Structures are given as structure tokens and as C-alpha cells.
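Please look over the structure shown here before turning to the notes beneath it. The notes are grouped by topic and can be followed alongside the coordinates on screen.

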Amino acid sequence: MREQVQRIIDENGKVIDGAQLPDLSEDDLIRLYRLMLFNRRVDERMTKLQRQGRIGFYVGSTGEEASIIGSAFALEPEDWIVPCYREVGAAFARGYGLFDFLCQIYGNTQDVIKGRQMPCHWASRELRLASVSSPVGTQIPHALGMAMAASIKGTQEVALTFFGDGATSTGDFHVSCNFAGVFKAPVIFLCRNNHWAISVPVGAQTAQQDLAEKAKAYAIDGVRVDGNDVLAMYAATRQAAEKARRGEGPTLIEAQTYRQGAHTTSDDPRAYRDDAEVDQWLEKDPICRFRTFLIERGVWSEEQDSALEEEFQEEIRAAIEEVEKIGPPDLDTLFEDVLDEVPWHLEEQRDELKSLSDQ
Amino acid sequence: MPKMNIIQAINDALRVEMRRDDRVVVFGEDVGKFGGVFRATQGLQDEFGTKRSFDTPLSETAIVGAAIGMAINGLIPVSEIQFADFIYPAFDQIVNEAAKMRYRSGAELSCPMVIRTPYGGGIRGGHYHSQSPEALFVHTPGLKVVIPSTPYDAKGLLISAIRDPNPVIFLEPKRVYRAARGEVPNGDYQIPLGEAKVLVEGEDATIVTYGAMVHTVMDAVDKISASDGITVEVIDLRTLLPWDVETVLSSVEKTGRVAIVHEAPRTCGYGAEIAATIAEKSLLNLQAPVLRVAGLDTPFPYTLEHEYLPNEKRIRKVLNDLINY
Ligand SMILES: Cc1ncc(C[n+]2csc(CCOP(=O)(O)OP(=O)(O)O)c2C)c(N)n1
Ligand SMILES: [Mg+2]
């Protein structure tokens with residue numbers, strides 16, 4: 001028999017009968033809320049900037065914040081987060097700063113990755129955030145390998161990788177689940193089932209729409225979680241991480257959530273899906289329900305909420321203002337980091353390009 | 001000094017590195033218990049245990065993809081792809097992930113790793129046990145590509161590849177895995193990546209080659225020199241990227257006549273890059289066009305593989321064409 005969807009708070013912010021609240025302090029609860037709201041306000045502002053032509057592209061996560069932040073929040077600082085392109089919220093949860101994120105989006109001189117990738121393709125070694133790449137699913141075996149490395153070294157870190165429902169159709173997903181099962185790797189496969197892969201609904205993606213069931217083929221654990229319930233996401237991830245640390249192997253977590261917005265700023269979902277479906281999911285919004293939960297518990301208030309909105313608005317505005325003053329990277333950076341040292345043929349290409357640009 | 005074949009030299013290099021640095025791990029299909037279908041990893045599991053030398057399930061994608069994750073998380077993975085012909089399932093991981101990791105992350109992350117794989121024809125292997133895919137990897141910024149031809153070089157180059165901070169594709173000439181024998185020093189030594197070797201000096205023409213073709217070329221040149229009274233300089237490139245342009249150009253200056261010999265298909269093959277570079281940098285030293293002896297632009301055949309591969313006849317003809325141009 002397939003397992004129930006794990007839930008802790010319902011759509012109205014009420015604790016579900018018999019559900020156990022995770023062991024989180026009031027401060028932690030408020031941090032979770034702040035992170036989710038921050039993620040959403042950043043997404044909204046970036047989408048506007050793209051519309052104004054000030055940035056080239058953006059990938060939002062509106063509606064999916066709980067699945068991204070609740071899970072990242074359950075990890076330890078030494079654990080690896082191996083993202084795809086939609087999980088900057090997980091990076092924020094790690095302490096990745098808005099300034100760094102904006103510099104990446106603008107691809108300027110202060111961009112850690114030196115203007116080399118499209119927006120939302122960040123990385124940070126210090127924060128153990130792997131590098132985002134665009135090809136779907138390719139990050140999944142990296143998390144597997146990081147986890148295998150932990151087992152080989154005898155260290156305690158786990159690796160959590162995010163991917164979408166569409167990515168469960170890739171070979172990379174299946175081969176990684178298989179290896180993880182064989183090696184009992186301390187890895188968490190976190191599938192954000194947001195029900196769409198650009199214009200393809202999950203119903204057309206796979207005949208097995210209980211994505212967590214796919215774990216069975218590899219004899220690994222698969223759990224289904226209400227991905228709009230940040231506490232359930234936290235609890236399920238925490239459990240999977242503890243299990244991995246005990247040497248009991250991988251878990252596939254299917255976070256059931258919904259992509260409320262466009263796939264990216266290059267997409268227009270009105271061309272392929274009904275507003276009615278979107279409206280249904282708006283009622284299950286992860287941030288609204290958590291706000292109600294916090295207010296009803298007396299740890300948050302409408303006044304604090306308005307103040308927080310103002311704080312974020314100002315923080316984001318000020319960061320954009322600062323970042324828009326920064327110029328593009330130097331030509332030399334084009335040739336660095338292809339290999340650890342610049343080889344002769346790249347030196348030649350660099351010198352030629354520079355001699356032309358000096359003219 | 002002990003005499004070894006290439007398999008033994010590779011095994012020895014792996015052992016030296018695994019003893020020196022416990023971050024070095026070796027894995028792939030049939031690599032652990034059995035020691036690899038060509039036995040290059042034989043005995044490593046006995047010495048280093050199942051955590052550092054192990055078998056994997058059958059997925060090149062996962063072998064290379066996991067190697068990337070291991071490299072990022074502090075190991076130095078040396079994975080084996082059983083035959084180069086089977087590397088294509090991992091092509092995306094190599095090209096889009098390993099090769100780009102350092103660049104795309106602004107050097108936040110990198111992949112110090114080696115992918116070893118036997119390549120090349122002449123073993124009655126047909127399409128799927130004979131291909132020479134080096135140009136695909138040389139064409140991918142972010143990789144180093146190494147091809148040894150002798151046991152001595154195989155050991156010294158593999159040690160360098162393992163210590164190199166970049167992802168290295170290490171293609172092993174399987175036709176001469178056992179046939180090529182030579183003295184190999186005990187213990188630790190390195191051959192720097194990016195340095196070619198002049199195998200024999202000559203005045204009348206230069207042949208640039210690598211891998212198993214080094215042996216074909218050396219045999220042919222021996223005979224042709226004896227019969228035709230010419231001297232031919234033979235350069236074994238050893239590293240295809242970054243390649244040793246200085247050694248090649250100084251030979252061009254001396255002989256003015258160059259052929260490139262490789263068994264991979266001719267069109268857009270590695271020889272085209274060398275020919276173009278010589279034309280760009282040394283045109284006026286040339287006494288004849290740069291010529292190529294290469295595999296045919298066909299899939300690799302079974303019965304007629306020796307017609308496909310460069311051989312003495314074709315090398316003789318090209319030297320003739322160069323000298324009588
Ligand atoms: C290998 C590959 N094929 C196609 C694409 C183009 N593409 C980008 S995102 C995407 C849909 C991915 O859907 P899903 O995995 O559900 O993630 P989501 O975007 O919903 O978060 C597609 C087809 C790609 N980036 N990579
Ligand atoms: Mg999706």
C-alpha cells in the first residue's frame with residue numbers, strides 16, 4: 001500500500017490532528033517564514049527587472065518556497081546542496097547573500113562566477129552550494145558522488161539534490177537512484193513535483209505519477225510530502241538526513257507543490273494551462289498558510305508582517321541600486337578557469353582579442 | 001629497471017598514487033574484484049580495500065557523474081570506462097559538467113579527476129571496440145587529453161594526470177597494451193603533461209603522431225629509411241591538449257615537410273588542428289603541404305580493419321608525396 005502524503009499544517013494553517021510539530025524554536029519558525037517571504041519578494045522584483053529590460057532572464061520559484069527552504073533548513077552546514085536553477089531559496093537559507101545573487105544575475109565584476117552564466121546559475125564552495133547548470137538532471141549524479149565520497153572518507157556530510165518532476169524522466173535520475181541504492185549513499189533526492197515541466201504536465205511526463213513510488217525500483221525509501229507545508233518538508237528532510245548519517249542510505253522525497261508562475265521569464269503559461277488549475281493551488285499557498293499558523297500561535301503579528309515587507313522592499317531596492325553601479329568583468333576573465341592555468345593557445349587568443357579591443 | 005607492458009605500467013602508476021594519497025580512488029565496471037577486463041586495476045582492491053577500488057553498476061553516466069561529485073567533495077577519482085566506444089553515455093557529464101565546472105563556477109568548484117579508457121583499433125573489435133574519439137574531447141574546452149604510447153610514458157603521464165587539478169581524459173592504446181614493452185622505473189616519477197617527445201631525429205620529413213600509431217609509424221620509418229635512404233623525424237605528442245606546439249614547429253623549421261598520422265577519422269580529426277597551426281605559424285618554412293594519414297571517414301569496420309588503419313604502405317606514400325612535392 002502506498003504511503004500517505006506527509007503533512008503537518010493544513011491549507012488553513014491549522015495543525016493536522018495527530019501530527020507532530022518538529023523541534024524548532026520560535027526563532028527558527030520566524031526565520032523560515034522570513035526566508036520564504038524574502039524569496040518571493042526577490043522573485044517578484046527580479047521578474048519586474050526583467051520586464052524592464054534591466055536583467056536578461058530570471059527563474060522564479062513562487063509557490064514552491066516551502067519545498068525549497070524547508071528542506072534546506074533541515075541540513076547541517078557541512079551538507080552539500082546540489083541545486084537545479086530554481087532553488088536560490090535554499091542558498092538564502094545557507095546564508096548566501098542577496099548582493100552575491102544580484103551580482104551573479106548582472107554578471108558583473110563582483111560576480112563570483114565572473115559573468116559566465118545566465119542568471120540563477122550561482123555557486124559557493126564556502127557554503128557548500130554546488131554550481132547550477134542548465135541541462136536538466138545532470139546534477140543528480142554529482143550529489144550521489146559527493147555522498148559516496150563522504151562514505152569513502154568516513155565523514156558525516158550528506159548531499160541533497162533538487163530537481164523537478166520533468167527530471168525524473170532523465171537517465172541521470174534513474175542511474176543515480178540505482179547507484180545510491182547499491183552503495184547506500186547518504187544522499188537525498190528531492191523532487192519538487194511542481195506539476196509542470198515548462199508546458200508538459202506531470203501526467204504527460206510519466207505513467208507513474210506517484211513519483212516517490214519510483215524509489216521502489218531501486219529498493220530505496222520514497223516518501224511523499226506536502227511540498228507547500230514548510231514544517232512537513234523540514235521534518236521529512238531532517239529524517240532523511242539523519243537516516244543517511246546513520247549509514248542507512250538514500251531517500252527520494254517527492255515534494256508535491258505547484259509552479260504558480262511562468263517556467264522562466266521567457267515563458268507564458270497562459271498558452272498551455274488553465275487559470276482554474278492555478279487558482280486551486282493559490283489556495284494552498286505555502287507562505288499564506290504558514291503566516292496564519294504563526295499568527296495563530298502568537299509568534300507573529302500583522303504589524304510585524306507589514307514591517308518585514310517594508311524591510312525587504314528597502315533591502316532589495318538598496319541592493320539593486322548598489323549592484324547596478326558595478327561594471328562588467330574584465331576581458332581577461334574570459335580566459336581564466338578553463339583550466340587551472342591559462343595554456344598557450346588561450347594566451348594567444350586572449351592577446352589577439354585584447355589587441356583588437358585596444359584599437 | 002623492471003620491464004613492463006603498458007597494462008603493468010598503468011597498474012603500477014595507480015598503485016604509486018594510491019599509496020601516496022588516500023584521496024585517490026579507482027572504480028568502474030569490473031574494476032574492483034576482477035581488476036578490469038584488461039586487468040589494469042588487478043590487485044588494487046586487495047591492497048587498498050573495497051572503499052578505494054570497487055565495482056560499479058553498469059552506467060557510464062553515473063560513473064562519470066559520481067566521479068564529478070567525488071572530486072568536488074575532496075577525492076581524486078580515477079574512473080575506468082571499459083572501452084572508449086562506451087564513453088558516449090557519459091558524454092554529457094564529461095562535456096557539460098566536468099569540463100565546465102571550474103569555468104562556470106568561477107573556480108569555486110573544480111574536478112580533479114582522471115577518466116581512463118582503452119581506445120583504438122587493430123584488435124578485431126569492430127565498430128564498438130575500436131573507436132578513437134580523442135578529437136571530441138580536445139574540442140571541449142576544460143579538459144586535458146593525454147595518450148601515451150609506451151609503458152614508460154603511460155606510468156609517468158598517468159601519475160601526472162592524477163596530480164593535475166583538471167579533468168583529464170586518459171586514452172590508452174589497447175592494441176599495444178601488452179605488445180609495447182619497455183623499462184619502467186620503480187616508484188614515483190612524472191612526465192609533464194603538454195610535452196611531446198622526439199622519438200627519432202631526422203632531416204627530410206617530420207611525422208607527428210601519438211598512441212598506438214607511434215608503433216606503426218616507427219616500424220614504417222625504420223624500413224623506409226633503410227630502403228629509401230631518407231631520415232624522418234618522429235614526434236610522439238603524448239598530450240593532445242594542451243599540445244606541444246614548440247616541438248612541432250622547430251621540427252617543421254628543420255624539415256619543412258610534415259605528415260600527421262592518427263587512426264581516428266580524417267575529417268575534423270586532430271591532425272587538422274596541427275596542420276592549420278603549422279600553416280598559420282610556419283607557412284614559409286614549408287616545402288610541401290602538410291599531409292595526413294588517418295582512419296577513413298567511415299565507421300570502424302570489422303573484417304577490413306587493416307585497410308581502415310594507417311599502415312606502412314600509406315605512410316610510405318605520404319612520405320614520398322612530401323619529399324617529391
Ligand atoms: C537536458 C535538457 N533538456 C531540455 C531542457 C530545456 N528545459 C529546461 S527546464 C525544462 C523543464 C524541466 O522541468 P522540471 O524538471 O519539472 O523542473 P521545473 O522547471 O518544473 O522546476 C526543460 C525541458 C534542458 N534544460 N535540459
Ligand atoms: Mg516541474
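The briefing below takes up the ligand site, a pair of helices, and some points of backbone geometry.

This is a predicted model. In chain A, the notes cover the surroundings of ligand 1, where Y85(A), R86(A), G166(A), N194(A) and W196(A) come nearest, and the crossing of helix α2 with helix α8. In chain B, they cover a cis peptide bond that leads into P242(B) and a positive phi at R238(B).

**Ligand 1 and its surroundings**

- The shell around ligand 1 holds 15 residues, and those that come nearest are Y85(A), R86(A), G166(A), N194(A) and W196(A).
- By character, the residues of this shell divide into seven nonpolar, five polar and three charged.
- Two side chains place a polar atom beside an oxygen atom of ligand 1: for N194(A), an N or O atom of the side chain is 2.8 Å from the ligand oxygen, while for R192(A) the distance from a polar side-chain atom to a ligand oxygen is 2.9 Å.
- The backbone takes part as well, since a polar backbone atom of A167(A) is found 3.0 Å from an oxygen atom of ligand 1.
- Taken on its own, ligand 1 has 580 Å² of accessible area, and the protein covers 68% of that area.

**Helix packing in chain A**

- Two packed helices are described by the angle between their axes together with the distance between those axes.
- For helix α2 (residues 65–73) and helix α8 (residues 230–245) of chain A, the axes come within 7 Å and cross at roughly 40°.
- Because of that crossing angle, α2(A) is oblique to α8(A).
- The crossing in which α2(A) passes α8(A) is right-handed.

**Backbone geometry in the loops**

- In chain A, K184(A) has a phi near 50°, which is a positive value in a residue other than glycine, and K184(A) sits in the loop that runs between α6 (171–183) and β3 (187–193).
- In chain B, R238(B) has a phi near 70°, again a positive value in a residue other than glycine, and R238(B) belongs to the loop between β11 (232–236) and β12.
- Also in chain B, the peptide bond from L241(B) to P242(B) is cis, with omega near -5°, and P242(B) has its place in the loop between β12 (239–241) and α9 (245–255).

Methods. Residues are numbered from 1 along each chain as its sequence is written. Chains are lettered from A and ligands numbered from 1 in the order in which they are written. This is a predicted model: local features need pLDDT of at least 70, side-chain atom pairs count only at pLDDT 80 or more; totals for chains, interfaces and linings use all residues. Side-chain values use heavy atoms; hydrogens and water are left out. A residue is near a molecule or strand if one of its heavy atoms lies within 4 Å of it. A polar contact is a pair of N or O atoms within 3.5 Å; within protein, one must be able to donate a hydrogen and the other to accept it, and residues adjacent in sequence count only if both atoms are side-chain atoms. Accessible areas come from the Shrake-Rupley method with a 1.4 Å probe; for residues, only the protein chains shown count as cover. Ala, Val, Leu, Ile, Met, Phe, Trp, Tyr, Cys and Pro count as nonpolar, Asp, Glu, Lys and Arg as charged, and the others, Gly among them, as polar. Axes are lines fitted to C-alpha atoms, for helices over the stretch in contact, and angles run from 0 to 180 degrees between N-to-C directions. Helices (H or I, at least four residues) and strands (E, at least two) are DSSP runs, numbered from the N terminus. Angles under 35 degrees count as roughly parallel, over 145 as roughly antiparallel, 65 to 115 as roughly perpendicular and the rest as oblique. A crossing is left-handed if the near helix is turned anticlockwise from the far one by less than a right angle, and right-handed if clockwise.
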